[in-house]
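Walk through this structure with me, one step at a time. We begin with charged side chains and end with the chain as a whole.

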Amino acid sequence: MTPLIVLTLVLMWQCVLVGYAYTLAGNAADEGVRAGTAAHREERFGVCEQAALKHLSGAWRGGARVERCGGTGYVTADVALKVPVLFPGSIDFPVTVHGHAGAVEEVKD
């Protein structure tokens with residue numbers, strides 16, 4: 001019975017990590033788009049990428065990428081994160097979760 005209980009706990013923990021990866025990807029996209037709306041269009045992607053990855057810990061940042069950040073009038077950002085196996089910073093599943101966010105571009109004088 002003990003191996004079955006341990007296996008169930010491991011599977012539940014893995015499900016928690018998948019959910020947390022979605023939460024982190026969405027938050028990173030929000031942070032990136034927030035910074036991107038205030039930046040000039042030429043430097044938007046760099047500012048967006050830096051802001052999106054800023055609050056991710058090193059273990060999660062290793063498998064993270066900002067796939068897109070741009071737009072005119074309405075700025076969108078897409079962030080992709082790899083799902084780790086049991087512990088962030090170890091092996092990653094071949095599964096990537098995506099976060100998407102958008103905001104209206106700020107008016108610049």
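In this predicted model, the side chains of glutamate 105 and arginine 41 meet in a salt bridge, 3.0 Å from N to O. This pair links distant parts of the chain. Glutamate 105 sits in the segment after strand E3 (92-104), while arginine 41 sits in the loop between H1 and H2. They are 64 residues apart. Opposite charges can pair in this way when their charged atoms come close.

Glutamate 105 has a second partner. It also forms a salt bridge with arginine 44, where the closest N and O atoms are 2.6 Å apart. Arginine 44 belongs to helix H2 and glutamate 105 to the segment after E3, so this pair ties together parts that are 61 residues apart in sequence. Put the pieces together: Arg41, Arg44 and Glu105 are linked in a network of salt bridges.

Which members of this network are buried? Check the accessibility of each. Glutamate 105 counts as buried because its relative accessibility is 15%, and buried means under 20%. Arginine 44 counts as buried too, at 3%. Arginine 41 is partly exposed, with a relative accessible area of 49%.

How many salt bridges does a search of the whole structure find? It finds five. Another one of them joins the side chains of glutamate 31 and arginine 34, at 3.2 Å from N to O. Here the partners both lie in helix H1, three residues apart, which is about one turn of the helix. An α-helix has 3.6 residues a turn, so residues three or four places apart point the same way. Glutamate 31 is partly exposed at 22% relative accessibility. Arginine 34 is exposed at 52%.

Now follow arginine 44 into its helix. Helix H2 covers residues 44-54, and its buried residues are Arg44, Cys48, Ala51, Ala52 and Leu53. What do the buried residues of H2 pack against? They pack against H1, helix H3 (58-61), strand E1 (64-70) and E2.

Strand E2 is the next stop. It spans residues 74-84, and threonine 76 is found in it. Threonine 76 counts as buried, at 10% relative accessibility. Its side chain makes a polar contact of 3.3 Å with the side chain of arginine 68. Beyond its neighbours within four places in sequence, threonine 76 is in contact with several residues, including Val33, Cys69 and His100.

Move on to aspartate 78, also in strand E2. Is aspartate 78 buried or exposed? At 15% relative accessibility, aspartate 78 counts as buried. A polar contact of 2.4 Å joins its side chain to that of histidine 100. Leave out residues up to four places away in sequence, and aspartate 78 touches Arg65, Val66, Glu67, Arg68, Gly99 and His100.

Alanine 80 lies in strand E2 as well. Its relative accessibility is 0%, so alanine 80 counts as buried. Apart from residues up to four places away in sequence, alanine 80 touches Gly63, Ala64, Arg65, Glu67, Thr96, Val97 and His98. Look also towards leucine 24. It is 56 residues from alanine 80 along the chain, yet their C-alpha atoms are separated by 9.6 Å.

Next, go to the start of the chain. Methionine 1 is found in the segment before helix H1 (2-38). At 73% relative accessibility, methionine 1 counts as exposed. Methionine 1 helps make a nonpolar surface patch of about 770 Å², together with Leu4, Ile5, Leu7, Leu9, Leu11 and Met12.

Finally, step back to the whole chain. The protein chain has three helices and three strands. From the N terminus on, the elements run α-α-α-β-β-β. The radius of gyration is 17 Å, well over the 13 Å that the globule rule gives for 109 residues, so the chain is more spread out than a compact globule. Along its principal axes, the C-alpha trace spans about 70 × 20 × 20 Å.

What share of the 109 residues is buried? Buried residues make up 34%. The chain exposes about 6,600 Å², and carbon and sulfur atoms supply 63% of that area. Consider also the contacts between residues at least 6 apart in sequence: 56% of them join residues at least 24 apart.

Terms used:
Residues are numbered from 1 along each chain as its sequence is written. This is a predicted model: local features need pLDDT of at least 70, side-chain atom pairs count only at pLDDT 80 or more; totals for chains, interfaces and linings use all residues. Side-chain values use heavy atoms; hydrogens and water are left out. Patches are made of residues with over 30% relative accessible area and no salt bridge: like charges are joined within 9 Å, nonpolar side chains (Val, Leu, Ile, Met, Phe, Trp, Tyr) within 5 Å. Accessible areas come from the Shrake-Rupley method with a 1.4 Å probe; for residues, only the protein chains shown count as cover. A salt bridge is a side-chain nitrogen of Lys or Arg within 4 Å of a carboxyl oxygen of Asp or Glu. Helices (H or I, at least four residues) and strands (E, at least two) are DSSP runs, numbered from the N terminus. Buried means under 20% relative accessible area, exposed over 50%, partly exposed in between (1.4 Å probe, protein chains only). A polar contact is a pair of N or O atoms within 3.5 Å; within protein, one must be able to donate a hydrogen and the other to accept it, and residues adjacent in sequence count only if both atoms are side-chain atoms. Contact means heavy atoms within 4.5 Å. The radius of gyration is taken over C-alpha atoms; the globule rule is 2.2 Å times the number of residues to the power 0.38.
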